[in-house]
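Have the model open and your selection tool ready. We will make two stops, one in each of two chains.

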Amino acid sequence: MQIEGLSIGYRPSVRQERIILSHIQLSAGKGELIALIGRNGTGKSTLLRTIVGVQPGFDGTILLSGKKAEDYSRGELSRMLSFVSTEIIRISHLSVYELVALSRFPYTGWVGRLNSNDKKIVIDSIHQVGIQSLLKKNITEISDGERQRVMIARALAQDTELIVLDEPTAYLDLPNKYEIIHLLGRICKDQNKTIIFSSHDLSSAINEADKFWLFTSGEIKEGAPEDLILSGKLSEVFGDTNLIFDIEKGEIRKKKTQRKKINLTGTDNFQYYWTVKALERLGYEVSDTGYEDNRSVSIINKNDKYIWCLKEKDQYYEYKNIYELASELKTINTDTQKHGLK
Amino acid sequence: MNKQRWHWVFFLLFTTLLGVLFVVDILLGSVKIPGSEITRILFSGRSYRPEWATIILDFRIPKALTAVMAGMALSVGGLQMQTIFRNPLAGPDVLGISSGASLGVAILVLGFSSYYSIEKISCFGNWTIAMAAWAGSAFILFLIFMVSIRIRDIMTILILGILFASVISSLVSILQYFSSESMLKSFVVWTMGSLGSVTGAELYVLIPCVATGLIIALVSSKYLNALLLGDHYARTIGLNIRFSRFVIFISTSILTGSVTAFCGPIGFIGIAVPHLSRMIFRVADHWILIFASSLIGANVMLISDIISQLPGTGMTLPVNSVTAILGIPIVIWIVIKNYKMSVYS
């Protein structure tokens with residue numbers, strides 16, 4: 001798919017046009033998993049709905065396999081691209097199988113009867129998505145994560161080269177979020193389909209997507225997630241917030257403001273790593289050397305249990321876990337009085 | 001037993017019930033006609049009391065047939081409206097067809113009464129009233145079509161349909177205000193609905209109309225199924241939304257328009273029966289639901305007609321009251337059982 005010079009927006013009333021983005025220039029290749037990343041309200045949903053034809057664009061063209069989207073008939077278009085929206089479908093007495101079977105609409109005759117090939121495709125899609133145990137269940141009886149998979153199976157069964165999904169992980173719990181994006185990546189690879197989706201799950205998207213369409217400062221930048229990170233474009237998305245995208249660690253964290261320094265020593269990697277995180281949450285800058293004049297914390301392994309030792313001036317305290325250490329550090333920060341020895 | 005077997009069981013059950021109710025409906029009436037005579041009349045067309053033959057052949061059978069036709073037409077019309085508007089309380093007259101019919105009849109009966117004498121007006125046969133009702137419905141439908149071509153959102157069309165109907169009702173009230181007592185009574189009686197004023201000749205028009213409407217509905221059952229997913233999904237699986245709306249509106253107009261023209265406005269059947277058929281058959285597939293709604297609708301209409309004859313007493317009730325008394329508890333039950341209302345998002 002090629003998008004050239006496209007303008008997208010909406011019509012608040014019949015005469016008015018509100019254009020959100022213009023001169024959009026993007027491409028999507030076969031077998032690519034593309035993630036739309038950006039803040040709320042930057043136009044991701046609008047772009048997806050315009051691509052799919054549910055919302056009219058204002059200018060420019062969308063080319064599918066070299067031909068303009070408007071030159072395809074309705075039936076042809078529905079055999080080229082399928083859509084998964086954020087709408088929650090609630091229809092009673094409709095089983096999972098029947099819902100996925102509705103996707104064969106562009107291929108069935110006037111009665112809507114599925115032939116054996118149609119049925120095979122429906123069953124295959126259900127298996128690919130991993131919900132074969134739910135085949136006969138009503139869609140009102142399944143969980144949100146399962147329902148999302150059903151909608152993806154439906155889009156798969158439509159047998160199109162391009163699948164577009166608007167926030168497919170929106171209502172899902174954390175494991176499901178990862179699994180769904182991983183599933184999309186797998187479908188891309190196994191079936192050479194192009195999948196375009198929008199998401200706020202940055203880490204899964206970075207791990208799985210071949211390309212990002214990054215919505216930032218009034219335009220859309222496309223590139224591999226790694227390229228966009230290295231060029232600093234991803235950090236731009238967080239431009240006017242207290243957050244930055246840490247290129248080194250590949251995660252989002254608060255900007256480094258004026259920080260107190262603290263010294264931390266310890267031999268065990270995991271204990272050290274997570275203690276650093278807790279201390280940084282409290283606003284400290286952590287080092288394992290050089291801050292001995294200030295507070296220091298050391299992690300000691302005593303009889304196979306870890307304890308955290310805080311050395312403050314000449315006082316020496318021991319804590320059983322990070323929570324107690326952190327609570328104490330918080331009170332010390334706000335209160336200069338000493339507490340009793342623990 | 002799986003779902004499909006149950007479907008066949010229910011179809012058989014309701015078809016048998018239909019036969020039984022049809023016979024009961026013919027048996028009942030203000031004139032007591034023994035069952036044996038009825039059988040003789042049905043098979044030979046004659047009876048030892050010729051007026052009995054007339055009653056059975058020219059009144060009761062047409063009335064029972066009208067009940068069956070009305071039941072089927074209104075139920076399927078209601079089903080289509082509930083799906084296309086994704087509203088469980090929509091009925092076949094939600095496009096304003098009944099209001100349009102009322103306007104047509106009101107103009108005829110109430111409007112012209114100020115210009116013509118009573119004698120001239122009493123020759124208004126059912127045909128004239130039917131024509132007036134049709135003209136009124138057609139006018140409203142034309143307005144609705146004009147609107148629905150320009151508007152994408154189906155909810156807007158629903159609201160406009162309801163508002164048009166309200167405006168029409170006000171116009172009809174004005175006409176009622178200025179009319180004479182006897183004309184007013186005639187009009188009001190018309191609004192109460194009547195299955196009995198349809199003659200054999202009129203059945204020759206009603207039956208083909210209802211059959212046409214039902215066939216169009218069956219043929220568009222694939223579109224109706226697609227519309228269950230909502231307009232966005234329907235569009236992306238290749239449904240031509242405008243065309244499907246056109247076909248579905250045409251079918252509902254033919255079904256509701258012809259019944260309203262010949263029988264007056266009959267309410268609640270169209271809202272309640274589709275829900276009954278969904279509850280009993282437990283499917284969302286419109287192919288099955290159309291058959292189910294027609295069958296159940298015909299049964300319910302026959303029951304209403306039987307009840308309206310108040311067997312045992314000499315009186316009859318207007319059919320609209322009976323359908324309301326039967327239909328409203330069902331609608332209330334639906335509203336209370338909230339989870340059943342999540343048929344549409």
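Select helix 6 and helix 7 of chain B: helix 6 passes helix 7 in a right-handed crossing. The model is predicted. Helix 6 covers residues 126-150 of chain B, and helix 7 covers residues 154-177. Their axes come within 10 Å and cross at roughly 150°. Angles over 145 degrees count as roughly antiparallel, so helix 6 of chain B is roughly antiparallel to helix 7 of chain B.

Now show side chains where the two helices touch. From helix 6 of chain B, pick I140(B), L143(B), I144(B), V147(B) and S148(B). They meet I157(B), L160(B), G161(B), F164(B) and I168(B) in helix 7 of chain B. Colour this contact by class: eight residues are nonpolar, two are polar and none is charged.

Next, move to chain A and select strand 8, residues 194-198. Is this strand buried or exposed? Five of its five residues are buried. Look at one side for T194(A), I196(A) and S198(A). Turn to the other side for I195(A) and F197(A). Both faces of strand 8 of chain A are covered. In a regular strand, side chains alternate between the two faces of the sheet.

Which strands pair with strand 8 of chain A? Add strand 3 of chain A, residues 33-38: it pairs with strand 8 in the parallel sense over four bridges. Here L33(A) stands opposite I195(A).

Then add strand 7 of chain A, residues 162-165. Strand 7 also runs parallel to strand 8 of chain A, joined by four bridges. Zoom in on L162(A), whose bridge partner in strand 8 of chain A is T194(A).

Conventions: Residues numbered from 1 in each chain as written. Chains lettered and ligands numbered in written order. Predicted model: local features only at pLDDT ≥ 70, side-chain atom pairs only at ≥ 80, totals over all residues. Heavy atoms only, no water. Axes fitted to C-alpha atoms, helices over the stretch in contact; angles between N-to-C directions. Parallel < 35°, antiparallel > 145°, perpendicular 65-115°, else oblique. Left-handed = near helix turned anticlockwise from the far one by under 90°. Contact = heavy atoms within 4.5 Å. Nonpolar A, V, L, I, M, F, W, Y, C, P; charged D, E, K, R; others polar. Buried < 20%, exposed > 50% of the residue type's maximum accessible area, 1.4 Å probe, protein only. Pairing = 2+ DSSP bridges.
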